[in-house]
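Colleague: I am in my first year and would like to go through this model slowly with you. Could we put the structure up and take it one question at a time?

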Amino acid sequence: MQNLEMEVFLCRSDNFGVLVHCPERNLTASIDAPEAGPIIAAAERRGWKITHILTTHHHTDHVEANLELKERYGCEIIGPVHEAVAIPGLDNAVGDGDSFDFGDRRVDVIETPGHTAGHICYHFADSKLLFAADTLFALGCGRLFERPAADMWHSLHKLAALPDETAVYFGHEYTLSNARFAVTIDPDNARLRARAEEIEAARREGRFTIPTMMGLEKETNPFLRVSDPGIRRNLLMEGKTDEEVFAEIRRRKDNF
Ligand code: ZN
Ligand code: FE
C-alpha cells in the first residue's frame, strides 16, 4: 500500500483543515468541515475530489461546511452517533468500537466524551494516524463544555494507550498558549522546556505545530501527565486522585 497523502491548511481563524488522500482508490476525506472556501481550494490545489467527511463533533467550527461540500461533491458524511441530530447531512453514524473502510484501510472510532458529550476520534491504525480534533491538542486538551473532568480524563487515557509513534492531528492551532501554560504546571520537565522554545520559534516564523506525536505528548503534555510526582508536588496535590489533579490543571488553564 502507498502512504496516505495529507494536506493541512488553516480555516476560519485557528481551525485546521486536513485532507487525507488514498492514492490507490482516489479517495479523499476531509477531517471535519470548518470552512468551505479553504477546503475546496486545498482539494483543487492537489487535484483531489472529496469523497468523505469525517466529523468529530457538532460544534459549528467543525460542521459548518458539511452541506456545501456534500452538495458540491456528493461526499459521504460519517459522524458521531451520540450527536447525530446535530450533524448536518450525516449519512453514517458511528460510535465507540465501530470501524469502517477507507479504501483498503480500516478506520477505528474512539469515543472521547469531554469537550462535547459525543465527541469521537478517528484512528487509522495501519498508517499510525489519529485525528483527535478538540479532545487532545499539542500540549493541551479541549475545554469541558458538556462533560465533567473525570470523563475527559478517561477519554485522554484511552488515547494515550495508542502507540507512541502515532501522529496526532488536532483541531486548533492553540499550541503556543498551551506551551506557555504547560511550563507553569511542569516547570522541571527539560523535554517540555525545550519543546516550548521550539514552539515559540515555529510560531514566530508562522509555521504550524501539527501534527504532534503521541509519545512526545506523553512526555510533555501536562494533561497526560497527572500522575507525575513533580507535577503533583508543584500543585501541592500529592495525595489526590488522577481525576482530581486533571480537573485542577484544566481549571487553571481555563483561567490562564
Ligand atoms: Zn469544538
Ligand atoms: Fe473546535
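Colleague: Which residues coordinate the iron ion (ligand 2)?
Modeller: This is a predicted model, in which local features need pLDDT of at least 70 and side-chain atom pairs count only at pLDDT 80 or more, while totals for chains, interfaces and linings use all residues. Residues are numbered from 1 along each chain as its sequence is written, chains are lettered from A and ligands numbered from 1 in the order in which they are written, and side-chain values use heavy atoms, with hydrogens and water left out. A donor is an N, O or S atom within 2.8 Å of the metal (3.2 Å for Na, K and Ca), and sites may look incomplete because water is not among the atoms. At 2.1 to 2.4 Å from the iron ion (ligand 2), the coordinating residues are D61 (OD), H62 (NE2), D134 (OD) and H172 (NE2).

Colleague: Is the arrangement around the iron ion (ligand 2) regular or irregular?
Modeller: Four donors count as tetrahedral if all angles lie between 85 and 135 degrees; four count as square planar and six as octahedral if opposite donors are over 155 degrees apart and all others between 65 and 115; anything else is irregular. Here the 4 donor atoms subtend angles of 85 to 170°, which makes the arrangement around the iron ion (ligand 2) irregular.

Colleague: How many residues apart in sequence are the parts that D134 and H172 tie together?
Modeller: Along the chain, the donor residues of the iron ion (ligand 2) are spaced D-H-x71-D-x37-H. D134 lies in the loop between β10 (129-133) and β11 (136-137), and H172 in the loop between β13 (167-170) and α5 (175-185), so the parts that this pair ties together are apart in sequence by 38 residues. The elements are DSSP runs numbered from the N terminus, helices being H or I of at least four residues and strands E of at least two.

Colleague: Are D134 and H172 buried or exposed?
Modeller: Buried means under 20% relative accessible area, exposed means over 50%, and partly exposed is in between, with a 1.4 Å probe and protein chains only. D134 has a relative accessible area of 3%, and H172 is likewise at 3%. By that cut-off D134 is buried, and H172 also counts as buried.

Colleague: Which residue coordinates both the iron ion (ligand 2) and the zinc ion (ligand 1)?
Modeller: The protein donors of the zinc ion (ligand 1) are H57 (NE2), H59 (ND1), H115 (NE2) and D134 (OD), at 2.2 to 2.3 Å. The zinc ion (ligand 1) lies 3.0 Å from the iron ion (ligand 2), and the residue that bridges them is D134.

Colleague: What share of the 256 residues in the chain is buried?
Modeller: The chain has 9 helices and 14 strands. Its radius of gyration, taken over C-alpha atoms, is 18 Å, close to the 18 Å of the globule rule (2.2 Å times the number of residues to the power 0.38), so the chain is as compact as a globular protein of that length. Among its 256 residues, the buried share is 54%.

Colleague: Which elements do the buried residues of α5 pack against?
Modeller: In α5, the buried residues are T175, N178, A179, F181, A182, V183 and I185. In general, an α-helix has 3.6 residues a turn, so residues three or four places apart point the same way. The buried residues of α5 pack against β11, β12 (140-141), β13, α6 (190-204), α8 and α9 (242-254).

Colleague: Which side chain does the side chain of R225 join in a polar contact?
Modeller: R225 is found in the loop between α7 (214-220) and α8 (229-234), and with a relative accessible area of 15% R225 is buried. A polar contact is a pair of N or O atoms within 3.5 Å; within protein, one must be able to donate a hydrogen and the other to accept it, and residues adjacent in sequence count only if both atoms are side-chain atoms. At 3.0 Å, the side chain of R225 is joined by such a contact to that of D186.

Colleague: Which residue does a cis peptide bond join to I210?
Modeller: Most residues other than glycine have a negative phi, and most peptide bonds are trans. The cis bond has an omega of about -5°, and its second residue lies in the loop between α6 and β14 (212-213). The residue joined to I210 is P211.

Colleague: What is the phi of R12 near?
Modeller: R12 is found in the loop between β1 (5-11) and β2 (15-22), and R12 is partly exposed, with a relative accessible area of 37%. Its phi is positive, in a residue other than glycine, and near 50°.

Conventions: Contact = heavy atoms within 4.5 Å.
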